[in-house]
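Visitor: I am new to this structure and would love a close look at one part of it. Could you show it to me first?

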Amino acid sequence: MAEERRTVPEVDRAAAARRAVERRRARASVKRDLTMRVVTPQSVLHRATEDPDSVEGSMRITDFLLALPAIGAGKRDRVLEQLHISPVKRLGGLGARQRRVLEEWLDERFPVSTPRGARSRLLVLAGPTAVGKGTVAAHIRENNPEIHLSVSATTRPPRPGEIDGVHYYFVDDAEFDRLIADGELLEYAVVHNRSRYGTPRAPIDAALAEGKTVLLEIDLQGARQVREAEPSATLIFLLPPSWDELVHRLVGRGTEDAEERSRRLRTAKVELAAQNEFDHLIVNEDVATAAREVVDLSTSSAR
Ligand code: 5GP
């Protein structure tokens with residue numbers, strides 16, 4: 001009997017300790033998402049408010065603020081003082097006034113880009129390396145023949161299974177130079193310090209003239225050039241479901257050396273910071289859903 005009475009609480013303690021470790025891990029993961037801008041601070045605060053028992057709700061206000069991009073300990077403490085919020089508070093335990101002033105401060109400091117409404121049938125899909133834009137675009141090519149998927153020209157050699165004119169126009173350097181010189185490219189860029197990629201202008205103009213929606217799956221530099229050339233284009237930024245997942249997709253196979261891994265992670269961080277330049281953010285949790293959200297934008301943005 002005595003033996004039994006002792007073991008039950010011990011089992012409970014072990015389970016509670018495991019739960020505590022899991023929650024700490026989950027909180028650490030949300031903090032990384034905040035730092036890397038995979039989630040907005042406003043959405044984390046919202047979740048904490050909706051469910052104070054959630055991972056977000058159990059986060060200390062001090063940890064939350066410190067996880068925000070470019071907020072150090074000094075700035076954090078000044079903000080808490082200014083907003084009259086005690087540093088021992090958890091996000092889910094804020095009073096209504098505290099929540100409101102925190103929200104106002106976040107909106108000012110981290111403005112959330114608002115969709116610019118229905119304007120164009122020219123859609124540009126970009127996002128950090130390894131987020132899965134190519135897979136989302138391929139899904140749309142398979143399932144939405146009504147959408148014209150732009151075929152880029154590239155100087156990189158074809159991979160097994162890639163078809164010239166379907167996946168890319170595979171050209172040599174001289175031909176790429178000619179395309180640039182003749183003004184045939186809407187945008188072009190060197191990607192990953194290696195090959196050149198560019199979007200042929202004529203097929204896009206033709207598809208738009210036919211009333212079709214056109215989708216470009218290109219890198220960030222290209223997206224910025226399209227915005228310059230066609231300010232009405234709708235720019236879509238694909239986000240990973242979490243920073244940890246992006247890291248997994250970027251370096252998951254572990255075939256790269258440490259230097260290459262950290263280079264990729266640095267690049268991803270810089271790329272994620274560009275999301276505010278975009279009109280819409282779509283989270284690539286699963287490919288079919290992300291593809292549908294892109295297609296829905298095309299129908300809602302078609303004029
Ligand atoms: P991959 O060589 O793996 O097919 O593509 C590498 C990268 O090139 C991807 O990030 C893709 O978005 C980008 N890319 C493909 N076509 C173009 C293009 O026409 N212009 C630009 N700027 N980037 C492109």
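Visitor: In which sense do strand β3 and strand β6 pair, and over how many bridges?

Guide: Happy to help! This is a predicted model, where local features need pLDDT of at least 70, side-chain atom pairs count only at pLDDT 80 or more, and totals for chains, interfaces and linings use all residues. Residues are numbered from 1 along each chain as its sequence is written, and side-chain values use heavy atoms, leaving out hydrogens and water.

Strand β3 (residues 152–154) and strand β6 (residues 195–200) run antiparallel to each other, paired over 2 bridges. Here, strands are DSSP runs of E with at least two residues, helices are runs of H or I with at least four, both numbered from the N terminus, and two strands pair if DSSP finds at least two bridges between them. Within this pairing, T154 has Y197 of β6 as its bridge partner.

Stepping back, 4 strands make an open sheet with mixed pairing, in the order β4-β3-β6-β5. At its edges are β4 (168–170) and β5 (185–191), each pairing on one side only.

Y197 also brings us to the ligand: S152, R156, Y168, Y197 and E217 come nearest among the 15 residues around it, counted as near if one of their heavy atoms lies within 4 Å. An N or O atom in the side chain of Y197 is 2.4 Å from an oxygen atom of the ligand. For R156, the corresponding distance from a side-chain N or O atom to a ligand oxygen is 2.6 Å, and a polar side-chain atom of E217 lies 2.6 Å from an oxygen of the ligand. A polar contact is a pair of N or O atoms within 3.5 Å; within protein, one must be able to donate a hydrogen and the other to accept it, and residues adjacent in sequence count only if both atoms are side-chain atoms.
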